Amino acid sequence: FTPLDHECTCPTCTGYTRAYLRHLVKVDEMLGGILLSMHNTYFLLDLAAKAREAILADAYEDFYQAWMHSPACKDY
(Lines give C-alpha, C1' and ligand atoms only; values in the text may rest on other atoms or scores of the structure.)
Protein backbone atom coordinates (compact mmCIF):
# COMPACT_ATOMS: atom_id res chain seq x y z
CA PHE A 1 0.00 0.00 0.00
CA THR A 2 2.80 2.36 -0.97
CA PRO A 3 3.11 4.70 -3.93
CA LEU A 4 4.63 3.45 -7.17
CA ASP A 5 7.66 5.71 -6.63
CA HIS A 6 8.24 7.40 -3.27
CA GLU A 7 10.13 10.33 -4.83
CA CYS A 8 7.69 11.00 -7.67
CA THR A 9 5.09 13.76 -7.40
CA CYS A 10 2.94 12.77 -10.38
CA PRO A 11 -0.82 12.34 -9.91
CA THR A 12 -0.48 8.55 -10.13
CA CYS A 13 2.09 8.31 -7.34
CA THR A 14 0.35 10.82 -5.11
CA GLY A 15 -3.15 9.44 -5.60
CA TYR A 16 -2.92 5.66 -6.00
CA THR A 17 -1.15 2.76 -4.30
CA ARG A 18 0.92 0.04 -5.93
CA ALA A 19 -1.69 -2.47 -4.78
CA TYR A 20 -4.52 -0.61 -6.49
CA LEU A 21 -2.50 -0.17 -9.68
CA ARG A 22 -1.67 -3.89 -9.68
CA HIS A 23 -5.34 -4.72 -9.22
CA LEU A 24 -6.30 -2.52 -12.17
CA VAL A 25 -3.72 -4.16 -14.41
CA LYS A 26 -4.63 -7.70 -13.31
CA VAL A 27 -8.33 -7.21 -14.11
CA ASP A 28 -7.47 -5.52 -17.43
CA GLU A 29 -9.03 -2.25 -16.37
CA MET A 30 -8.10 0.49 -18.83
CA LEU A 31 -7.45 2.96 -16.00
CA GLY A 32 -4.41 0.93 -14.93
CA GLY A 33 -2.65 1.47 -18.25
CA ILE A 34 -3.64 5.11 -18.33
CA LEU A 35 -2.27 5.78 -14.85
CA LEU A 36 0.98 3.93 -15.56
CA SER A 37 1.40 5.83 -18.83
CA MET A 38 0.84 9.11 -16.99
CA HIS A 39 3.53 8.16 -14.48
CA ASN A 40 6.01 7.10 -17.18
CA THR A 41 5.46 10.28 -19.19
CA TYR A 42 5.81 12.48 -16.10
CA PHE A 43 8.95 10.62 -15.02
CA LEU A 44 10.67 10.95 -18.40
CA LEU A 45 9.73 14.62 -18.83
CA ASP A 46 11.03 15.37 -15.34
CA LEU A 47 14.27 13.50 -16.04
CA ALA A 48 14.76 15.41 -19.30
CA ALA A 49 14.12 18.73 -17.54
CA LYS A 50 16.71 17.89 -14.89
CA ALA A 51 19.21 16.89 -17.59
CA ARG A 52 18.55 20.15 -19.43
CA GLU A 53 19.14 22.15 -16.23
CA ALA A 54 22.39 20.26 -15.61
CA ILE A 55 23.58 20.98 -19.16
CA LEU A 56 22.82 24.68 -18.81
CA ALA A 57 24.61 24.76 -15.46
CA ASP A 58 27.60 22.92 -16.99
CA ALA A 59 27.11 20.12 -14.46
CA TYR A 60 25.95 17.25 -16.65
CA GLU A 61 28.64 14.84 -15.46
CA ASP A 62 27.46 15.28 -11.86
CA PHE A 63 23.86 14.75 -12.96
CA TYR A 64 24.84 11.65 -14.91
CA GLN A 65 26.77 10.11 -12.01
CA ALA A 66 23.92 10.84 -9.58
CA TRP A 67 21.45 9.22 -11.99
CA MET A 68 23.62 6.14 -12.54
CA HIS A 69 23.83 5.57 -8.77
CA SER A 70 20.15 6.21 -8.05
CA PRO A 71 17.65 3.43 -7.36
CA ALA A 72 15.52 4.62 -10.30
CA CYS A 73 18.31 3.83 -12.74
CA LYS A 74 18.22 0.16 -11.76
CA ASP A 75 14.63 -0.04 -13.10
CA TYR A 76 15.85 0.66 -16.63
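Helices are DSSP runs of at least four residues marked H or I, numbered from the N terminus. The legends below use these numbers, and the model they describe is predicted.

**View 1. A nonpolar patch on the surface, with helix α3 as its main contributor.** Five side chains make up this patch: Tyr20, Met30, Leu31, Ile34 and Met38. Together they have about 450 Å² of accessible area. Helix α3, which covers residues 30-56, supplies 4 residues, the largest share of the patch. Met38 is one of the patch residues and is found in helix α3. Met38 counts as partly exposed because its relative accessibility is 36%, and the partly exposed class lies between the limits of 20% and 50%.

**View 2. The largest pocket and its lining.** The volume of this pocket is about 550 Å³. The pocket is lined by 20 residues, and those closest to its centre are Asp5, Glu7, Phe43, Trp67 and Ala72. Two elements, α3 and α4 (60-68), each give two or more residues to the lining. The largest share comes from α3, with 7 residues. Sorted by class, the lining has 11 nonpolar, 4 polar and 5 charged residues.

**View 3. Glu7, a residue of the pocket lining.** Glu7 is among the lining residues closest to the centre of the largest pocket. Its place in the chain is the segment before α1 (11-15). Is Glu7 buried or exposed? Glu7 is exposed, because its relative accessible area is 74% and the exposed class begins over 50%. A second residue, Asp28, may be located for comparison of positions. Glu7 and Asp28 are 21 residues apart in sequence, and their C-alpha atoms are 27 Å apart in space.

**View 4. The salt bridge between Lys50 and Asp46.** How many salt bridges does the structure hold? It holds 1 salt bridge. The side chains of Lys50 and Asp46 meet in it, at 3.1 Å from N to O. Both residues lie in helix α3, where they are 4 residues apart, about one turn of the helix. Lys50 is partly exposed, because its relative accessible area is 44%. Asp46 also counts as partly exposed, because its relative accessibility is 31%.

Conventions
Residues are numbered from 1 along each chain as its sequence is written. This is a predicted model: local features need pLDDT of at least 70, side-chain atom pairs count only at pLDDT 80 or more; totals for chains, interfaces and linings use all residues. Side-chain values use heavy atoms; hydrogens and water are left out. Patches are made of residues with over 30% relative accessible area and no salt bridge: like charges are joined within 9 Å, nonpolar side chains (Val, Leu, Ile, Met, Phe, Trp, Tyr) within 5 Å. Accessible areas come from the Shrake-Rupley method with a 1.4 Å probe; for residues, only the protein chains shown count as cover. A salt bridge is a side-chain nitrogen of Lys or Arg within 4 Å of a carboxyl oxygen of Asp or Glu. Buried means under 20% relative accessible area, exposed over 50%, partly exposed in between (1.4 Å probe, protein chains only). On a 1 Å grid over the protein atoms alone, a cavity is a set of points where a 1.4 Å probe fits but cannot get out, and a pocket is an open set with protein on both sides within 12 Å along at least five of seven lines; lining residues have an atom within 4 Å of a point. Grid points are joined across faces, edges and corners, and a volume is the space filled by probe spheres set on the points. Ala, Val, Leu, Ile, Met, Phe, Trp, Tyr, Cys and Pro count as nonpolar, Asp, Glu, Lys and Arg as charged, and the others, Gly among them, as polar.
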